[in-house]
Amino acid sequence: MVDENSRKAMDQTEYSKKYNKLVERYKKAQDELNEIEEKQQDDKVRKDSIDTFIDRLKSQDTILADFDEALWTAIVDKIVIEKNITFHFKDGTKIKQEIL
């Protein structure tokens, strides 16, 4: 549009309207792209975390039958206790448990 405007006479009011619409469309598309790239990065971090967890499980010599503190700290990021208990895992998963 800019090139066309520089080569031939155009109504500048109409040009500005069209140009601004295109700029808005571009900004919207750029925002969507940024969201997608951010989600891809989050998914990659989550996958890496799950892979680490699986590798840790595979490195166990025996089947896990008792509480393993090292495994627990490898997968749990934090626990929030309010009206309910919410487990926040390092892969981004959250599990809410009702307190009885």
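Buried here means under 20% relative accessible area, exposed means over 50%, and partly exposed is what lies in between. Keep that to hand for the exercises below, and bear in mind that this is a predicted model.

**Exercise 1. Is Thr86 buried or exposed, and which residues is Thr86 in contact with beyond its sequence neighbours?**

Step 1. Find the residue: Thr86 sits in strand S2, which covers residues 84-89.

Step 2. Check the accessibility. Thr86 comes out at 13%, so it counts as buried, the cut-off being under 20%.

Step 3. List the contacts. Skipping neighbours within four places in sequence, Thr86 touches Lys78, Ile79 and Val80, and also Lys94, Ile95 and Lys96.

Step 4. Pick out the bridge partner. Across in S3, that is Lys96.

**Exercise 2. How do S2 and S3 pair, and which residue in their hairpin takes a positive phi?**

Step 1. Look at the pairing: S2 and S3 run in the antiparallel sense, with five bridges.

Step 2. Go to the connection. The hairpin has four residues between the strands, and Gly92 is the one to spot, with a positive phi near 100°.

Step 3. Ask how S3 sits. Of its five residues, the number buried is zero, so S3 lies largely in the open.

**Exercise 3. Where is Ile95, and how far is its C-alpha atom from that of Ile79?**

Step 1. Place Ile95: it belongs to strand S3, residues 94-98.

Step 2. Classify it. A relative accessible area of 43% makes Ile95 partly exposed, since that class falls between the 20% and 50% cut-offs.

Step 3. Go through the contacts. Leaving out neighbours within four places in sequence, Ile95 meets Ile85, Thr86, Phe87 and Phe89.

Step 4. Take the distance. Ile95 and Ile79 are 16 residues apart along the chain, and their C-alpha atoms are separated by 9.6 Å.

**Exercise 4. How many salt bridges are there, and why are Lys39 and Asp43 about one helical turn apart?**

Step 1. Count them: the total is three salt bridges.

Step 2. Start with Lys39 and Asp43, whose closest N and O atoms are 3.1 Å apart. Both are in helix H2 (residues 12-58), and they are four residues apart, so about one helical turn separates them. Asp43 is partly exposed at 39%.

Step 3. Move to Lys44 and Asp48, where the closest N and O atoms are 3.0 Å apart. These two are also four residues apart in H2, which puts about one helical turn between them. Lys44 is partly exposed at 45%, and Asp48 is partly exposed too, at 34%.

Step 4. Finish with Lys47 and Asp51, at 2.6 Å between the closest N and O atoms. Once more the spacing in H2 is four residues, or about one helical turn. Lys47 has a relative accessible area of 49% and counts as partly exposed; Asp51, at 30%, is partly exposed as well.

**Exercise 5. Which residues make the nonpolar surface patch of about 510 Å², and is Ile81 buried or exposed?**

Step 1. Name the members: Phe67, Trp72, Ile79, Ile81 and Ile99 make the patch.

Step 2. Zoom in on Ile81, which is in strand S1, residues 76-81.

Step 3. Classify Ile81. Its relative accessible area is 60%, so Ile81 is exposed, the cut-off being over 50%.

Key
Residues numbered from 1 in each chain as written. Predicted model: local features only at pLDDT ≥ 70, side-chain atom pairs only at ≥ 80, totals over all residues. Heavy atoms only, no water. Buried < 20%, exposed > 50% of the residue type's maximum accessible area, 1.4 Å probe, protein only. Contact = heavy atoms within 4.5 Å. Pairing = 2+ DSSP bridges. Salt bridge = Lys/Arg side-chain N within 4 Å of Asp/Glu carboxyl O. Patch = residues over 30% accessible without salt bridge, like charges linked within 9 Å, V, L, I, M, F, W, Y side chains within 5 Å. Areas by Shrake-Rupley, 256 points an atom, 1.4 Å probe, with all protein chains shown as cover.
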